[in-house]
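This report describes the surroundings of a ligand in a protein model. The sequence and structure come first, followed by the site and its contacts.

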Amino acid sequence: MSKLYIIPTPIGNLEDITLRAIRLLKEADLILAEDTRNTSFLLKHLEISKPLKSYHQHNEHKTVSELVDVIASGKNVALVSDAGTPAISDPGFLLVRECIKAGVEVECLPGPTAFVPALVNSGLPCDSFVFVGFLPQKKGRHTKLLELKEEARTMIFYESPFRLLKALEEFKEYFGEERNVCVSRELTKLYEENKRGTVKEVCEYFSQKQVKGEIVIVLEGKH
Ligand code: SAM
């Protein structure tokens with residue numbers, strides 16, 4: 001039976017792709033990519049040549065039913081995003097949901113994603129956590145932060161380097177400056193950094209330098 005395979009790809013270090021991910025990309029009839037140029041680079045590195053089709057947030061609603069039909073007709077389709085696991089702050093959820101509705105098999109491979117190493121590196125409790133992802137940039141940001149004020153579980157945020165300081169300043173205001181936090185930057189890459197401390201300490205540290213690279217913030221829950 002044909003399937004939709006959700007294939008995680010490296011978040012920096014190309015060695016992090018799994019053997020099964022490589023095999024399934026080789027065997028797929030079609031690869032759906034968030035950005036075909038990025039994925040072509042990865043496929044070239046893996047010496048894989050396959051038909052690629054773009055699948056991103058601007059065309060997912062338009063193309064989803066046609067793609068479900070393609071898989072239902074017997075084709076194996078692999079979905080990849082630019083980095084990490086598709087559907088985790090990336091396109092994928094809609095296609096998975098529609099495949100399930102149509103009785104089409106879906107299989108997500110385990111593999112790279114930024115939030116798991118960030119959570120484990122933080123040293124904060126990992127037994128129970130909330131994945132927040134990106135906070136809304138304007139409308140809804142205050143409501144979301146208020147909603148999290150009483151949250152007792154460890155919280156995980158994705159954030160752009162340009163908004164890191166703004167987020168940490170807001171964390172002081174909403175969660176208190178003594179709350180523990182860890183900022184993971186450039187995970188799996190040459191300049192990986194995991195900066196741990198209170199919100200106040202970590203905010204001071206990053207305010208003294210130009211913040212670059214990709215970032216995950218892991219925040220302690222309320223005691
Ligand atoms: N699908 C991806 C995943 O599974 O983690 C997430 C995609 S989302 C569009 C991109 C965000 O993930 C970045 O803004 C950053 O917050 C986080 N991220 C991705 N790669 C990272 C890395 N190497 N180090 C730290 N954060 C990373």
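## Location of the ligand

The ligand occupies the space of the largest pocket. The model is a predicted one, and the description below is limited to the ligand and the residues around it.

Two elements each give two or more residues to the shell around the ligand: strand E7 (154-159) and strand E10 (215-219). Both domains take part, with at least three shell residues coming from each of domain 1 (3-108) and domain 2 (115-219).

## Composition of the shell

The ligand is surrounded by 19 residues. Ile88, Asp90, Thr113, Tyr158 and Ile215 are the closest of these. Sorted by class, nine residues of the shell are nonpolar, five are polar and five are charged.

## Polar contacts and cover

Tyrosine 158, one of the closest residues, places a polar side-chain atom 2.6 Å from an oxygen atom of the ligand. In the side chain of glutamate 214, an N or O atom is 3.3 Å from a ligand nitrogen atom. Isoleucine 11 approaches through its backbone instead: one of its backbone N or O atoms lies 3.0 Å from a nitrogen atom of the ligand.

On its own, the ligand has 570 Å² of accessible area, and the protein covers 90% of that area.

Definitions and conventions
Residues are numbered from 1 along each chain as its sequence is written. This is a predicted model: local features need pLDDT of at least 70, side-chain atom pairs count only at pLDDT 80 or more; totals for chains, interfaces and linings use all residues. Side-chain values use heavy atoms; hydrogens and water are left out. A residue is near a molecule or strand if one of its heavy atoms lies within 4 Å of it. A polar contact is a pair of N or O atoms within 3.5 Å; within protein, one must be able to donate a hydrogen and the other to accept it, and residues adjacent in sequence count only if both atoms are side-chain atoms. Accessible areas come from the Shrake-Rupley method with a 1.4 Å probe; for residues, only the protein chains shown count as cover. On a 1 Å grid over the protein atoms alone, a cavity is a set of points where a 1.4 Å probe fits but cannot get out, and a pocket is an open set with protein on both sides within 12 Å along at least five of seven lines; lining residues have an atom within 4 Å of a point. A molecule sits in a cavity or pocket if more than half of its atoms lie within 2 Å of its grid points. Helices (H or I, at least four residues) and strands (E, at least two) are DSSP runs, numbered from the N terminus. Ala, Val, Leu, Ile, Met, Phe, Trp, Tyr, Cys and Pro count as nonpolar, Asp, Glu, Lys and Arg as charged, and the others, Gly among them, as polar. Domain bounds come from an automatic or database domain assignment.
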